[in-house]
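Thanks for coming. I have one structure for today, and I will talk about the ligand site. Please have a look at it first.

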Amino acid sequence: MVRAIVGANWGDEGKGKITDMLAQDSDIVIRFQGGANAGHTIVNHYGKFALHTLPSGVFYDHTTSIIGNGVALDVPKFFKEVGEITSQGVPMPKILISDRAQIVMPYHILFDQYEEERLGKASFGSTKSGIAPFYSDKYAKIGFQVQELFHEDTLRTKIARVLETKNILLEHLYHKPPIDPDELFNTLMEYKKMVEPYVCDVSAFLWKSIKEGKNVLLEGQLGSLKDPDHGIYPMVTSSSTLAGYGAIGAGLPPYEIKQIVTVVKAYSSAVGAGAFVSEIFGDEADELRRRGGDGGEFGATTGRPRRMGWFDCVATRYGCRIQGTTDVAFTVLDVLGYLDKIPVCVGYEYEGQRIDDFPTTQILEKCKPVIEVLDGWKTDIRGIKNYDDLPAACRAYIEFVEKQIGFPITMVSNGPSRDDIIYRTSTLK
Ligand code: GDP
């Protein structure tokens, strides 16, 4: 059985925790898109970890952790991360890397920095991990697949050809030193040594595993609203964040994805620029940021303070629909326990008209939130295991959100640990 775990919002919904939890009964966990530009925070008996490229199943001995072809693989960062977890007592994970995954080149990271500098105020708020230049090159057909490292002659020729254009841009657009082809070749040979033991034909492995009845988990990065097609373009990421892309970025049949667990956070947060209708500011935002997540809402990769907002029913309804949600995991609910009243964005107002469907970017920028205020529960709900033991106002909040978004909330997360989870049977028809 293949399951996907994806985000409905702007990322940072708590997918890492849900993946770590569901990986318990999975044989294989795969990253199918993105790179080291976002992070998952995981808390378990080994400690607290910020993973960037490793799948969140790496903490179990029985799971195989896979880097799918859709991932932007930063080889040194990937192995640094492996070193970080093993040095903290986690057994060396079983890793496979797709021979068709492409490599984040050192110049992708440089171009990402230089371009953000060049754009100045109009920059995208990139994490400068090289992701946008990487995917641009992939689709311009000048990217480097992992398998190319094993064909040295053609690799040398291709490096020379690609550097012709890169060096013109470096010298004349960015006024930076050019790249030496031999040096780049040597770097890639280092990468080859690092990946060699793990490279394989991942789609063939998955085909066989699925036939054998293995449980496969596709782990998404970021969320629906950062998808390049369906998100808040251009303030999006450069690879698809949707479960549908899981089939492509891992290399398995779309019809095998039987369950799509969409992770939805009980309030909103976002990093980077872009429209954010339910955003809040000042002390109200500071307090939610400070209390949010597990130790505050700050980027797992950059440490940047996240932008904060109330729960957005319009964005989340859309985010769940575009994922093809079968189950919602509603997370970080415990954090809201300090509020007397909880504002929720239930609609948008655009030029005096109410809209309930998530619009395209230029309209979105002009939308104002329509707010409804619910009662808070004013208690700490961590440690509660049964849905019926939650305070009535807390259940009312969950059921209100479920009705608004129209997708069944089957899991409620009330703390950062693996076992802080409440399963529930949705009454939604
Ligand atoms: P991801 O990228 O979607 O995996 O999300 P992040 O890891 O960036 O953000 C989620 C943060 O919330 C992490 O610090 C988690 O440890 C934490 N977290 C996840 N679920 C819960 C929860 O139910 N309650 C609390 N308080 N923290 C949670």
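How many residues surround the ligand, and which are the closest? This is a predicted model, and in it 20 residues surround the ligand. The closest are Gly-16, His-40, Thr-41, Asp-334 and Ser-413.

Next, the make-up of that shell. By class, 9 of its residues are polar and 8 are charged, with 3 nonpolar. In terms of secondary structure, helix 1, residues 15-22, and strand 3, residues 40-44, each contribute at least two residues to the shell. Helix 1 gives the most, with 3 residues.

Now the polar contacts. Two of them go through the backbone. At Lys-15, a backbone N or O atom is 2.7 Å from an oxygen atom of the ligand. At Glu-13, a backbone N or O atom is 3.1 Å from an oxygen atom of the ligand. A side chain also takes part: Arg-382 places a polar side-chain atom 3.3 Å from a nitrogen atom of the ligand. As for accessible area, the ligand taken alone exposes 580 Å², and the protein buries 97% of that.

Where does the ligand sit among the pockets? The ligand is in the second largest pocket.

Last point, the domains. Why does the ligand lie between domain 1 and domain 3? Domain 1 covers 2-99 + 200-262, and domain 3 covers 263-423. Both domains give residues to the shell around the ligand, so the ligand lies between them.

To recap: the ligand has 20 residues around it, the protein buries 97% of its area, and two domains supply residues to its shell. That is what I have.

Terms used
Residues numbered from 1 in each chain as written. Predicted model: local features only at pLDDT ≥ 70, side-chain atom pairs only at ≥ 80, totals over all residues. Heavy atoms only, no water. Near = heavy atom within 4 Å. Polar contact = N/O pair within 3.5 Å; in protein donor to acceptor, adjacent residues only side chain to side chain. Areas by Shrake-Rupley, 256 points an atom, 1.4 Å probe, with all protein chains shown as cover. 1 Å grid on protein atoms, 1.4 Å probe; cavity = no way out; pocket = protein on both sides within 12 Å on 5 of 7 lines; lining within 4 Å. Sits in = over half its atoms within 2 Å of the grid points. Helix = DSSP H or I, 4+ residues; strand = E, 2+ residues; numbered from the N terminus. Nonpolar A, V, L, I, M, F, W, Y, C, P; charged D, E, K, R; others polar. Domains from an automatic or database assignment.
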